[in-house]
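Work through the exercises below with the model open beside you. Try each task before reading its solution.

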Amino acid sequence: MFTGIVQGVAQIHSIDEKTHFRTQVVKMPQELTENLEIGASVANNGVCLTVTKIEGDLVSFDLMTETLRITNLGELCQGDWVNIERAMKMGDEIGGHILSGHVYTTAKVSQRIVSENNLQIWFELPDPALMKYILTKGFIAIDGISLTIGEVKGNEFCVNLIPETIHRTLIGKREVGDFVNIEIDPQTQAIVDTVERYLASRGE
């Protein structure tokens with residue numbers, strides 16, 4: 001489990017393409033390698049991946065075909081960067097919201113609105129059916145970052161980014177046309193699905 005509070009960014013050191021999966025090696029920030037072990041879970045752009053090899057600050061992860069298909073990790077190349085979060089520990093402060101690291105889909109950046117001390121980014125979801133889980137002032141995870149939804153219009157929504165988020169993560173570098181990973185807030189999904197089942201049982 002993760003909190004959506006990105007702890008750093010890491011550069012992709014190398015990518016080894018194999019049959020039906022690839023191995024991605026990232027150069028982890030030194031402070032995030034402490035007590036890291038093979039088998040540990042680390043979120044890369046919000047995608048929960050398992051550590052398969054550690055050589056100093058070079059950490060390897062295997063990505064299956066499905067992960068490459070439904071996330072933006074399949075578009076990345078050597079030299080690109082990813083948001084990094086180590087799995088939460090019991091007793092950790094939760095500054096964002098609980099995430100599983102299981103990305104549902106990607107969304108496309110449709111607009112960037114820059115103002116003093118604020119950056120508003122609009123995203124377009126390819127599947128309109130998911131918009132029922134996108135609620136104004138609700139939680140969403142974008143590339144593993146816990147954010148609050150600012151406004152919703154049709155199949156688009158926006159988030160407002162403070163300087164600290166822009167500084168600590170990669171989201172401020174996203175341009176129109178870029179794709180980001182989306183994880184729906186599980187509590188929102190559970191409530192919406194429960195209400196839908198209840199209304200369906202009443203024939204409403």
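## Exercise 1: The helix α3

The model is predicted. The buried residues of α3 pack against β12.

**Task.** Which residues of α3 are buried, and where do they lie around the axis?

**Solution.**
1. Start with the list. T188, Q189, V192 and D193 are the buried residues of α3.
2. They cover an arc of only 120° around the axis, so they sit on the same side of α3.
3. An α-helix has 3.6 residues a turn, so residues three or four places apart point the same way.
4. Now turn to the other side of α3. Q187, I191, R197 and S201 are exposed there.

**Task.** Check the span of α3 against the value expected for its 16 residues.

**Solution.**
1. Helix α3 runs over residues 186-201.
2. The expected span is 1.5 Å times one less than the number of residues.
3. For the 16 residues of α3 that should give 22 Å.
4. The end C-alpha atoms of α3 are 22 Å apart, so the two values agree.
5. Look just past the end of α3. G203 has a positive phi of about 75° there.

## Exercise 2: Two hairpins

**Task.** Trace β3, β4 and β5. In what sense do β3 and β4 pair, and over how many bridges?

**Solution.**
1. Strand β3 covers residues 41-44, and strand β4 covers residues 47-55.
2. The two pair in the antiparallel sense over four bridges. N44 stands opposite V47 in β4.
3. β3 and β4 form a hairpin with two residues between them. In this turn, N45 has a positive phi of about 50°.
4. Move on to β5, residues 58-64. β4 and β5 run antiparallel and are joined by four bridges.
5. V51 stands opposite F61 in β5.
6. β4 and β5 also form a hairpin, with two residues between them. G56 in that turn has a positive phi of about 65°.

## Exercise 3: R174

**Task.** Is R174 buried or exposed? Which residues does R174 touch?

**Solution.**
1. Locate R174 in the loop between α2 (163-168) and β12 (179-184).
2. The relative accessible area of R174 is 14%. Buried means under 20%, so R174 is buried.
3. Leave out residues up to four places away in sequence. R174 then touches N45, N72, V109, R112, D143 and V180.
4. Single out D143. A polar contact of 2.8 Å joins its side chain to that of R174.

## Exercise 4: The record

**Task.** Where does UniProt place the feature "repeat: Lumazine-binding"?

**Solution.**
1. The unreviewed UniProt entry gives residues 1-97 and 98-195.
2. Residues 98-195 are 16% helix and 44% strand.
3. The end C-alpha atoms of that span lie 21 Å apart.

Notes. Residues are numbered from 1 along each chain as its sequence is written. This is a predicted model: local features need pLDDT of at least 70, side-chain atom pairs count only at pLDDT 80 or more; totals for chains, interfaces and linings use all residues. Side-chain values use heavy atoms; hydrogens and water are left out. Two strands pair if DSSP finds at least two bridges between them. Buried means under 20% relative accessible area, exposed over 50%, partly exposed in between (1.4 Å probe, protein chains only). A polar contact is a pair of N or O atoms within 3.5 Å; within protein, one must be able to donate a hydrogen and the other to accept it, and residues adjacent in sequence count only if both atoms are side-chain atoms. Contact means heavy atoms within 4.5 Å. UniProt positions are given in the numbering used here, feature names are shortened, and annotations may be inferred rather than shown by experiment. The arc is that of the directions from the helix axis to the C-beta atoms.
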